[in-house]
Amino acid sequence: MNRREFLLAAAGAAAASTLSFSSRLFAAPASSPRFLLVFLRGGYDCNNLLVPCGSDFYYASRPTLAIARPDPGNPDSAVALDTGWGLNPVVRESLLPLWQKKQLAFIPFAGTNDLTRSHFETQDHIERGEPLGPVANYRSGFLARLSGVLDKATPAIAFTNNLPLSFQGARRDIPNISLKGDPKAHFDERQAAILAGMYKGTPLAQASADGLTLPKTVSADLRNEMIAASRGAPSAHNFAAETRRIATLMRDQYRLGFVDVGGWDTHVNQGSTRGGLAYNLKNLGEGLAAYADAMGDDWNDTAVVVLSEFGRTFRENGDRGTDHGHGTVHWVLGGKVAGGRIAGEQLAVTQPNLFQNRDYPVLNDYRAVLGGLFARLWGLNASQLQTVFPQAKPKDLRLV
């Protein structure tokens with residue numbers, strides 16, 4: 001880049017980023033709980049991940065998208081979890097072992113009471129974690145408030161290019177860094193010196209210095225880790241590589257994390273066991289399995305929640321895809337998760353039980369579910385939970 005482009009990029013990076021790494025000045029206890037939120041942006045089709053294979057209505061509603069009922073002779077059929085539910089076979093190798101070890105639970109009929117079916121409005125509503133109302137605070141996210149009620153032994157980080165709304169408004173600075181690609185430093189020594197000089201003696205001096213230091217440290221640590229773990233073999237999927245990098249930081253330093261994954265808006269030619277959705281699910285499953293493996297013994301102190309802003313319409317549309325829906329399926333993973341079960345309030349998957357004759361209803365509010373999980377992970381009291389999720393009623397699903 002030329003000098004003008006560099007200066008604009010550097011100024012934006014220093015001014016807009018919240019990379020003040022005060023959390024790096026102390027070490028978190030090795031056995032303290034770790035929590036990672038994985039946000040699937042775009043509204044993933046939960047019905048072709050957790051397949052309601054006991055429902056005749058599912059097969060009538062999806063003539064081209066439905067995944068076949070469990071059949072040992074058909075490798076493209078659903079993998080039976082119980083009499084009513086199965087898994088998309090593309091995650092047989094990644095998620096099924098976690099389910100069998102009771103380290104994975106699914107919560108169907110989950111989500112928010114936001115009815116806009118707008119990606120952006122519903123994502124923002126979830127990340128804010130506030131009750132619906134005429135006034136919305138876009139400077140306060142629920143993970144930021146959670147960080148505020150926890151002590152400094154629970155350092156937080158977002159594995160994103162920009163600090164997500166979930167972490168906005170924190171009492172202490174939250175670092176963010178994307179690990180989707182090669183986590184190398186973006187500035188050479190000369191450029192870094194120019195940037196540091198620009199902000200010398202200003203309130204942004206420490207933030208810019210820390211922001212330049214982190215990619216170097218992460219790059220060196222992660223390169224060494226990846227070379228050792230991979231034994232020279234290339235990564236099968238980008239998300240698996242990303243989650244191994246995330247695990248390095250969550251295992252050794254951070255305790256509260258956020259990462260998002262896009263590409264889940266499947267209006268056209270969605271596919272079932274093949275196609276765009278299947279590829280994304282396979283990629284996601286392999287990434288989560290890689291994360292569990294990379295955490296080692298610390299997986300036993302880890303909880304991962306996977307959620308999306310909403311599900312998809314239960315019936316397929318005329319373009320062999322699905323449209324914006326309402327209720328969805330959340331995932332909870334971890335070494336001590338009380339898994340191997342379908343958790344939360346449920347009802348039969350039939351046409352009369354659809355919400356507005358099109359979607360899963362929401363029976364398990366995400367704020368209540370996460371509140372109950374946080375209470376168990378960190379022993380939060382009622383007042384602390386109200387700070388994180390105002391006016392919510394925590395639901396203890398005994399997930400950990």
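**Exercise 1. State which residue just after H10 takes a positive phi, and describe the helix that precedes it.**

Solution. In this predicted model, Gly379 follows directly on H10 and has a positive phi of about 65°.

Step 1, the span. H10 consists of 13 residues, and the distance from its first C-alpha to its last is 18 Å, close to the 18 Å expected at 1.5 Å a residue.

Step 2, the N-terminal end. Asp365 caps H10 there, with a side-chain oxygen 2.9 Å from the backbone nitrogen of Arg367.

Step 3, the surroundings. Of the 13 residues of H10, 11 are buried, so the helix is largely enclosed by the rest of the structure. Among the buried residues are Tyr366, Arg367, Leu370, Gly371, Gly372 and Leu377.

**Exercise 2. Classify the aromatic pair formed by Trp99 and Phe106, then the pair formed by Phe374 and Trp378.**

Solution. Two quantities are needed: a pair of aromatic rings is described by the distance of the centres and the angle of the planes.

Step 1, the total. The structure holds 18 aromatic pairs.

Step 2, Trp99 and Phe106. Their centres are 5.9 Å apart with 25° between the planes, and the pair is stacked. The cut-off for this class is planes under 30 degrees apart. Trp99 is buried at 9% relative accessible area, and Phe106 is buried at 0%.

Step 3, Phe374 and Trp378. Here the centres lie 5.7 Å apart and the planes stand at 55°, so the pair is tilted. Both residues belong to helix H10 (residues 366-378), where they are four residues apart, about one turn of the helix. Phe374 has a relative accessible area of 0% and is buried; Trp378, at 16%, is buried too.

**Exercise 3. Find the aromatic cluster that contains Phe314, and identify the charged end that sits over the ring of Phe314.**

Solution. Step 1, the members. One aromatic cluster is formed by Phe57, Tyr58, Tyr59, Trp85, Phe109, Phe314 and Tyr360.

Step 2, the charge. The charged end of Arg62 sits over the Phe314 ring, 6.0 Å from its centre.

Step 3, another such case. Arg41 places its charged end over the ring of Phe39, at 4.7 Å from the ring centre.

**Exercise 4. Decide whether helix H4 is largely enclosed or not, and list what its buried residues pack against.**

Solution. Step 1, the count. Seven of the 10 residues of H4 (residues 119-128) are buried, so the helix is largely enclosed by the rest of the structure.

Step 2, the residues. Those buried in H4 are His119, Thr122, Gln123, His125, Ile126, Glu127 and Arg128.

Step 3, the partners. The buried residues of H4 pack against strands E1 (34-40), E7 (256-261) and E8 (302-308), and also against helices H5 (142-149) and H10.

Step 4, the end. Gly129, just after H4, takes a positive phi of about 75°.

**Exercise 5. Describe the surroundings of Asn88.**

Solution. Step 1, the position. Asn88 is in the loop between strand E4 (86-87) and helix H3 (95-100).

Step 2, the exposure. With a relative accessibility of 0%, Asn88 counts as buried.

Step 3, the polar contact. A polar atom of the Asn88 side chain lies 2.8 Å from the backbone oxygen of Asn48.

Step 4, the other contacts. Leaving aside neighbours within four places in sequence, Asn88 is in contact with residues including Leu49, Val51, Ile67, Ser272, Thr273 and Leu281.

**Exercise 6. How many disulfides are there?**

Solution. Step 1, the cut-off. Two cysteine sulfur atoms must lie within 2.5 Å.

Step 2, the result. The count comes to zero disulfides.

Step 3, two cysteines. Cys46 is buried at 0% relative accessible area, and Cys53 counts as buried at 5%.

Note on methods:
Residues are numbered from 1 along each chain as its sequence is written. This is a predicted model: local features need pLDDT of at least 70, side-chain atom pairs count only at pLDDT 80 or more; totals for chains, interfaces and linings use all residues. Side-chain values use heavy atoms; hydrogens and water are left out. Rings of Phe, Tyr and Trp (its six-membered ring) pair if their centres lie within 6.5 Å; planes under 30 degrees apart count as stacked, over 60 as edge-to-face and the rest as tilted. Buried means under 20% relative accessible area, exposed over 50%, partly exposed in between (1.4 Å probe, protein chains only). Helices (H or I, at least four residues) and strands (E, at least two) are DSSP runs, numbered from the N terminus. A charge sits over a ring if NZ of Lys or CZ of Arg is within 6 Å of the ring centre and within 35 degrees of the ring normal. The expected span of a helix is 1.5 Å times one less than its number of residues. A polar contact is a pair of N or O atoms within 3.5 Å; within protein, one must be able to donate a hydrogen and the other to accept it, and residues adjacent in sequence count only if both atoms are side-chain atoms. Contact means heavy atoms within 4.5 Å.
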